[in-house]
Amino acid sequence: MMSGKAKRRLSWTVPVISVIAVTCLAGSHFINPIIRTRIERAMNSSLVGYHTHLESAHLRLIDGTLFLHGLYVYQEVHPKPAVMEIPMLRVSIQWRELFFRRGVADCLISSPRTTINLIQLRSEQKRKITLKQEGWQRALESIHPFKINKFRISNGTVTYIDTDPTRPIKLQRLNIIADNIRNIHVPENRYPSTFHLDTVVFDTGHATLDGQSNFLAEPLPSLLTEYRIERVPLDALDVPVKRVNLRIKSGVLWSDGILEYSPDRKRAEARQLRIAGVHLTYVRTPQTASAESVRFKTIKATAAKVNNAPDLLLKVDQLTLSDSTVAFLNDNSDHQYNLYLSSFNAHLSNLSNHSKEYVSTIKADGRFMDSGAAALAGTFRAQKRGSDFDLDLAVDGANLPSLNDLLRAYGRFDVQSGDVSIYSQASVKRGTISGYIKTLFSNVVVYNHDKEKEKPVLHQAYELMIGSAAKLLKNRSTQQIATEVSLNGKLDSPTMSTWEALGKLISNAFIDAI
């Protein structure tokens, strides 16, 4: 049974607690509108180019926890749609850290939705100011008097809308946890904070980051993290990559590795990067020729900067492309043709921007124009100036009529039947190329009267002449026509990049030689 003393203590304790609770509730009721107005005003004064609207705020006086409901962020130039919608944001005191004499807070954002479209993105790019200058961190810190030490996002969604609103690019079920942001614990570590991120990518893929960071580093936060990407569908990228003349159909991506960024150390190292079943086409058009030229110059300049850069490591240990199609489409009314490799498999190892440590290798095979067996093998070395590689290329027994678009574009004729084989060995070093391209034609029939009789007489005569020349050039013992192009000499530029040199080689192999 309860003693009399205990009863007397309970008799006054319950009313006191009740009074405190009622007072807190009443106080909250009166100060919540003031808090809402103050927070909205403080956030808007911190942001540059954006403004916010806050529907309601609630301060729980009993423990100092602050709740924000219906927080919207708008871009001032293009306010629709809202860049961010936050149904609920909670900031609470981290009581444990008070034992370390630090007054810090825990911030939880529940089910936020971030949406940005191409118009808003381009407007953002034109402003050319950093995230720090935009004031996002100041705006978040203005919500609560205590500095945020733990930050969490639960069940977030990020949506990007390009030119086609029916094909948005989404990250869903986004979860982020970052702790020890104020470097209270192990401050002597290079990366004292911990963070985790996981999200669903493009509806069916998945990505995770697990690492450490220093969120207080200047001028930008530094990080070291393991990453993993699984089953990411690549066709979701088809709309935005069209602006760089690429077309993507199907394809799934897997990768894992390490990312590191700090003022004196930058690293992106993929242990494995695997792509399966992609159909990738590069499209060249007269309308985009000038943009392509500018783009290639930018790529070349960037490649020159990163090659052997002492504070930057870019590396792919193993890159695998399987069961894919890679194509080049020249979409020009005067020279329209399509070259492609189907059933394409490739394995590249030790791709790196540092030549002293790594020599890259490639082995690939496929079906050229769905007929000829194609094989490629080579080694590549990163250089400060220009390209450096050795390459062997072979295409055996490709169906020649499948190249009629190419023959019409550059030779103004087509063929009725025949096969073509192409063999090349090339070595590029210090701006000099050496090697050869050999092309063999067999069983070539250019002119067929029954099939060509509807063409103009002069064109029939032209094709008849080519067919006759082919017969005269045919080797009587092998029944083949052979041409060989020497590749010995200087490249157009001693600083030509590896990809430019490869492009020249392929152009010689599939256009000039034929």
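These exercises work through a predicted model, from its overall make-up down to single residues.

Residues are numbered from 1 along each chain as its sequence is written. Local features need pLDDT of at least 70 and side-chain atom pairs count only at pLDDT 80 or more, while totals for chains, interfaces and linings use all residues; side-chain values use heavy atoms, with hydrogens and water left out.

**Exercise 1. State how far the coordinates can be trusted, and where they should not be read in detail.**

Step 1. Take pLDDT, the predictor's confidence in each residue, from 0 to 100. The chain averages 81, and 79% of the residues score at least 70.

Step 2. Find the weak stretches. Residues 16-22 stay under 50. So do residues 475-479.

Step 3. Check their contacts (heavy atoms within 4.5 Å). Beyond four places in sequence, residues 16-22 have zero contacts. Residues 475-479 have five.

Step 4. Conclude. Where pLDDT is low, the predicted coordinates should not be read in detail.

**Exercise 2. Describe the chain as a whole.**

Step 1. Count the elements, which are DSSP runs numbered from the N terminus (helices: H or I, at least four residues; strands: E, at least two). The chain has 10 helices and 21 strands.

Step 2. Assess burial. Buried means under 20% relative accessible area, exposed over 50%, partly exposed in between (1.4 Å probe, protein chains only). Of the 514 residues, 41% are buried.

Step 3. Look at contact range. Take contacts between residues at least 6 apart in sequence: 59% of them join residues at least 24 apart.

**Exercise 3. Locate the nonpolar cores.**

Step 1. Apply the definition: buried Ala, Val, Leu, Ile, Met, Phe, Trp, Tyr and Cys residues joined through side-chain atoms within 4.5 Å.

Step 2. Read off the largest core. It has 45 residues, and Leu339, Phe368, Leu400, Leu403 and Val420 have the most contacts inside it. Strand S14 (residues 337-352) gives the most to this core, with five residues.

Step 3. Look elsewhere. Another core, of 29 residues, lies apart from the largest; Tyr50, Val83, Ala105 and Ile176 are among its members.

**Exercise 4. Classify two aromatic pairs and say what the one at Tyr282 joins.**

Step 1. Set the criteria. Rings of Phe, Tyr and Trp (its six-membered ring) pair if their centres lie within 6.5 Å; planes under 30 degrees apart are stacked, over 60 edge-to-face, the rest tilted. The whole structure holds five such pairs.

Step 2. Take tyrosine 282 and phenylalanine 328. Their centres are 6.3 Å apart with 10° between the planes, giving a stacked pair. Tyrosine 282 lies in strand S12 (residues 265-284) and phenylalanine 328 in strand S13 (residues 312-330), so the pair ties together parts 46 residues apart in sequence.

Step 3. Add accessibility. Tyrosine 282 is buried at 17%, whereas phenylalanine 328 is partly exposed at 22%.

Step 4. Take phenylalanine 380 and phenylalanine 389. At 5.6 Å and 35°, this pair is tilted. Phenylalanine 380 is buried at 14%, and phenylalanine 389 is buried at 1%.

Step 5. Check for clustering. Tyr282, Phe328 and Tyr337 form one aromatic cluster.

**Exercise 5. Contrast the settings of two acidic residues.**

Step 1. Place them. Glutamate 40 is in helix H1 (residues 4-46); aspartate 323 is in strand S13.

Step 2. Assign burial. Glutamate 40 is buried at 16%. Aspartate 323 is exposed at 59%.

Step 3. List contacts beyond four places in sequence. Glutamate 40 touches Thr52, His53 and Leu54. Aspartate 323 touches Gly277, Val278, Phe344 and Asn345.

Step 4. Check one spacing. The C-alpha atoms of aspartate 323 and glycine 277 are 5.1 Å apart, across 46 residues of chain.
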